[in-house]
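Subject: Structure handover and notes

Dear colleague,

Please find below the structure I promised to pass on to you. My notes on what was found in it follow directly after.

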Amino acid sequence: MNFAELLRHVGIFGGAVIVSLALLSVFSVAMIIDKHRRFSSTTRESEKFKPEFKKFLHGGDVQNLVEAGRLHPNSHVAQVVSAGIIEYDGVGPSGGDPTAALELVTSALRDSISETLIQLKRGLGFLATIGSTAPFVGLFGTVVGIINAFRSIAATGSGGMSVVSGGIAEALVSTAMGIFVAIPAVVAFNHFTGKIEIFHVEMNRASSQLVNRLFKIPELKGLDVEMADVKAPTVKKEGPAYATR
């Protein structure tokens, strides 16, 4: 029995199941291709942006970093770093409380990371739904095919292969299609989820490095100067006191 003959034996419910699985397969493949292109683009642009970011961390010009962020808008690292630089540029020159400025920049970085993760995860829920429901849709088609086989037996009063072959073939095709649709969706979902975890780690690392560059390093230098000023007068006071004795 070829595919055309099989379609002639498929009932209304079985045909609806097969069409539904075919549509889910098309949507799944389209989503996989779209996410693959998106993740490849953000990975490629982030690799180009990272050298400029490293230069900034070692004392490079912030203007070059901003220009690099504009040249690589799809980079997840560039999006986070640019958000932090923009927020710091807004609160830094005001001369306000450094602690408040640090909190504002940190909050902007967290918001940028969350927004970027939302963009990266968009569509993955659809893949997870297809991967988890497609086998059950195929199982429903299997049940419908078996029912059609028994209906054929009841209608003819015999159980030969020519009578039940249509229903059995419909059931097997539905099962196979359900598995065929589910496997790529599950594999792609797990792959993209792992990539997002890597992106999340990279964004957190870039955020910490940016905060260290903008706030912690200057504060540590200032703390060293203050400690030196505190120790120096102590030594000077002990000298004259000992001499008067």
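Of the 245 residues of the chain, 31% count as buried, and I should say at once that these values were computed on a predicted model. The secondary structure consists of seven helices and zero strands, so that, read from the N terminus on, the order of elements is α-α-α-α-α-α-α. Among the contacts between residues at least 6 apart in sequence, 80% join residues that are at least 24 apart.

The nonpolar core

The largest nonpolar core has 38 residues, and those with the most contacts inside it are Phe49, Phe53, Phe56, Leu65, Val81, Ile85 and Leu210. Two or more residues are given to this core by each of α2 (12-57), α3 (62-71), α4 (76-91), α5 (98-121), α6 (124-156) and α7 (161-244), and the largest share, 13 residues, comes from α7. As general background, nonpolar side chains in soluble globular proteins tend to be buried together. If you would like a single residue from which to explore this core, Leu210 may serve, since it is listed among those with the most contacts inside the core. Setting aside residues up to four places away in sequence, Leu210 touches Phe53, Phe56, Leu57, Val81, Gly84, Ile85 and Leu109.

How α2 packs against α4 and α5

The axes of α2 and α4 lie 6 Å apart and the two helices pack at an angle of about 50°, and they are therefore oblique to each other. On the side of α2 the contact is made by Arg38, Thr42, Ser46, Phe49, Lys50, Phe53 and Phe56, while α4 brings His76, Val77, Ala78, Gln79, Val81 and Ile85. By character, the residues of this contact between α2 and α4 divide into seven nonpolar, four polar and two charged.

For α2 and α5, the axes cross at roughly 145° and come within 10 Å of each other. Here Lys35, Arg38 and Phe39 in α2 meet Gln119, Leu120 and Lys121 in α5, and the residues of this contact divide into two nonpolar, one polar and three charged. Arg38 of α2 is thus named both in the contact with α4 and in the contact with α5.

Polar contacts around Lys50

Which residues does Lys50 touch, once residues up to four places away in sequence are not counted? Lys50, which is found in helix α2, then touches Val77 and Glu202. The side chains of Lys50 and Glu202 make a polar contact of 3.3 Å, and a polar contact of 3.4 Å joins the side chains of Lys50 and Glu47. In C-alpha terms, Lys50 is also 9.9 Å from Gly69, with their positions 19 residues apart in sequence.

The two glutamates that make these contacts with Lys50 can be taken in turn. Glu202 has its place in helix α7 and, at 16% relative accessibility, counts as buried, because the cut-off for that class is under 20%. Leaving aside its neighbours within four places in sequence, Glu202 is in contact with Lys50, His76 and Val77. Glu47, by contrast, lies in helix α2 and is partly exposed, with a relative accessible area of 47%. The C-alpha atoms of Glu47 and Ser75 are separated by 8.4 Å, although the two residues are 28 apart along the chain.

Two further positions in α2

Gly14 lies in helix α2 and, at 0% relative accessibility, counts as buried. Without its neighbours within four places in sequence, Gly14 is in contact with Val144 and Glu170, and its C-alpha atom is 9.6 Å from that of Gly138, a residue 124 places away in sequence.

Lys55 is likewise found in helix α2, but with a relative accessible area of 52% this lysine is exposed. Lys55 and Leu65 are 10 residues apart in sequence and 8.5 Å apart in space, taken from C-alpha to C-alpha.

With best regards

How values were computed: Residues are numbered from 1 along each chain as its sequence is written. This is a predicted model: local features need pLDDT of at least 70, side-chain atom pairs count only at pLDDT 80 or more; totals for chains, interfaces and linings use all residues. Side-chain values use heavy atoms; hydrogens and water are left out. A nonpolar core is a set of buried Ala, Val, Leu, Ile, Met, Phe, Trp, Tyr and Cys residues joined through side-chain atoms within 4.5 Å. Buried means under 20% relative accessible area, exposed over 50%, partly exposed in between (1.4 Å probe, protein chains only). Helices (H or I, at least four residues) and strands (E, at least two) are DSSP runs, numbered from the N terminus. Contact means heavy atoms within 4.5 Å. Axes are lines fitted to C-alpha atoms, for helices over the stretch in contact, and angles run from 0 to 180 degrees between N-to-C directions. Angles under 35 degrees count as roughly parallel, over 145 as roughly antiparallel, 65 to 115 as roughly perpendicular and the rest as oblique. Ala, Val, Leu, Ile, Met, Phe, Trp, Tyr, Cys and Pro count as nonpolar, Asp, Glu, Lys and Arg as charged, and the others, Gly among them, as polar. A polar contact is a pair of N or O atoms within 3.5 Å; within protein, one must be able to donate a hydrogen and the other to accept it, and residues adjacent in sequence count only if both atoms are side-chain atoms.
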